[in-house]
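Student: I'd like to learn how to read aromatic contacts in a model. Can you walk me through it?

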Amino acid sequence: MTGLKPTGRGLAGALLIFLAGVLLAGCATAPEKTAQTRLVWPPPPQQARIKFIRSISSEDAVGHDTTFSEHIVNFLGGEKPKQGQMVEPMGVVASDDGQRLYVSDFSRSQVYVFDFGNRKFHAIEPLHRPVGVALDADENLYVVEQELKGVSVYDRTGKKLRFITDDSIERPTGIAVDRKAGKLYVVDTGHTKSKEHTVKIFDLEGKLLGHLGQGKGAAPGEFLFPTYVAVDANSNVYVTDTLNSRVQKFDPDGNYLMSFGKRGNGWGMFDKPKGVALDSFGNVYVADSGWSNVQIFNQKGEVLLFFGGRGPLPGMLKNATAVAIDPQNDIFVADYINHRIEQYKLVNTTAADSFSAAADETGTDAAGVSTGGKDEMNSARP
C-alpha cells in the first residue's frame, strides 16, 4: 500500500471541503443519476484502497442501497432517525457469502439480522445487554450477553440452542470463533478492582478449556481492560488491550507472540482500540473508539493505512466499536455515536501490498485524527 501516509490534523477539514465539492459538482450537472460518487482512502490522486459503500442503520437497508450523494443530500436536509433505527451498535459479523449481517444493539437489547439476498429483516430479542457477536461454520450465532455474564447460541432460524458461561466470567465483551480448532474466545473485560482481565477459552459446546493472559497489568501477555478479539487462518489470536492502547497476538497454544501499537496520536498509535478483524490477506484492522478511525496493520505489526476519521457524514465515524470483514473483503464497522454500521470495501490490493516500503515509515502526523474533542469513554463501551 505504497505512499499512504496520513495527511495530519487538516484531514477533517479537507474531507469536508472534498464532500462539499462533490455535492456542488452534482448540483451543477443534469439531475439524472450517473456514476455513484464514493469516498475513498487514500484520496485522489493516490490509488484507492478502501472505498466507502453505504451506511446501514435500519431495516430499510435490505431494500434500498442509498448512494453516497443521496446520503449527503439527506444529511444536509436534516434527515431524522427512523423508528426502529439502531441506537448503540456494539457487535457486528457477516455471513461467509456476505448476504447476511448480524448487529448487536446494546441499548435496545436486540440483535438485528439483515438478510440482503432475500431482502428480509428481523431481530432476535429479548437479550440482556448484547455486545460481541460471532458465527460458526454452520452460521450459528454466538451473542455475548453482558448482563447474564455469558454467551447465547442461536441457529439460523433464531432458535436458541444453548447458553455458555462460567463462574469466573465478570464482564464479557468481545467474542471470536476459531472454526478450525473448534474454540470459542470470550473477552472478559473485568472491572477496575478486578484481576480477571483475560480471555476465556471454551469449546463450541461450552466447556471451559483455559484462558489467555496473565491478568491485569501492562507487561507482555497482561491486559488492562481488553475488549475485542479475532482469530486468523492459522488460529493465532489477536486481542485489543484497550487501556494499554495496543493489540496483543498469541499463538494457538496461548503463548504470547508480539504486540503492536501504543498510546499517541501518530501513525500506528492508538487512543482506545476496540474492534479487531483480519482481511483475506491476513492484514489486521483495528477500530479505535477514541480516534474514530480504523487502522490497517500487516502481520509484522507495521501500519499500512487508516480510514474513517471523526464526523457525522457518511463514511466517517464517531467512536467506532466493532469491525468485521467477510471473505470478499467487505468491511463493516459499528459506528456507535452515529447509530449505524458503515460498510467499506478493500479494493485495488494484492497480498504483496502488505509489505511495501510505506509500512516502514513512522510519520509524525496524526493518523486520521480530527481536531475535535473526544467524548468520555470507559473501557468496555465507547
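Tutor: Sure. One idea we'll need early on: a residue is called buried when its relative accessible area is under 20%. Keep in mind that this is a predicted model.

Student: How many aromatic pairs does a search of the whole structure find?

Tutor: The search turns up 13 aromatic pairs. Take Phe52 and Tyr344: their ring centres are 5.7 Å apart with 65° between the planes, which makes the pair edge-to-face.

Student: Where in the chain do Phe52 and Tyr344 sit?

Tutor: In distant parts of it: Phe52 belongs to strand β2 (residues 50–56) and Tyr344 to strand β25 (residues 340–346), 292 residues apart.

Student: Is Tyr344 buried or exposed?

Tutor: Apply the cut-off: relative accessibility is 0% for Tyr344, so Tyr344 counts as buried. Phe52 is buried too, also with a relative accessible area of 0%.

Student: And why is the pair of Phe250 and Tyr256 called edge-to-face?

Tutor: Planes over 60 degrees apart count as edge-to-face. The planes of Phe250 and Tyr256 are at 75°, with centres 6.1 Å apart, so this pair fits that label. Look at accessibility as well: Phe250 is buried at 2%, whereas Tyr256 is partly exposed at 32%.

Student: Which residues form one aromatic cluster with Phe52?

Tutor: Trp41, Tyr285, Phe307 and Tyr344 join Phe52 in that cluster.

Student: What sits over the ring of Phe116?

Tutor: That's the charged end of Arg54, 4.5 Å from the ring centre.

Terms used: Residues numbered from 1 in each chain as written. Predicted model: local features only at pLDDT ≥ 70, side-chain atom pairs only at ≥ 80, totals over all residues. Heavy atoms only, no water. Phe/Tyr/Trp six-rings, centres within 6.5 Å; stacked < 30°, edge-to-face > 60°. Helix = DSSP H or I, 4+ residues; strand = E, 2+ residues; numbered from the N terminus. Buried < 20%, exposed > 50% of the residue type's maximum accessible area, 1.4 Å probe, protein only. Lys NZ or Arg CZ within 6 Å of the ring centre and 35° of its normal.
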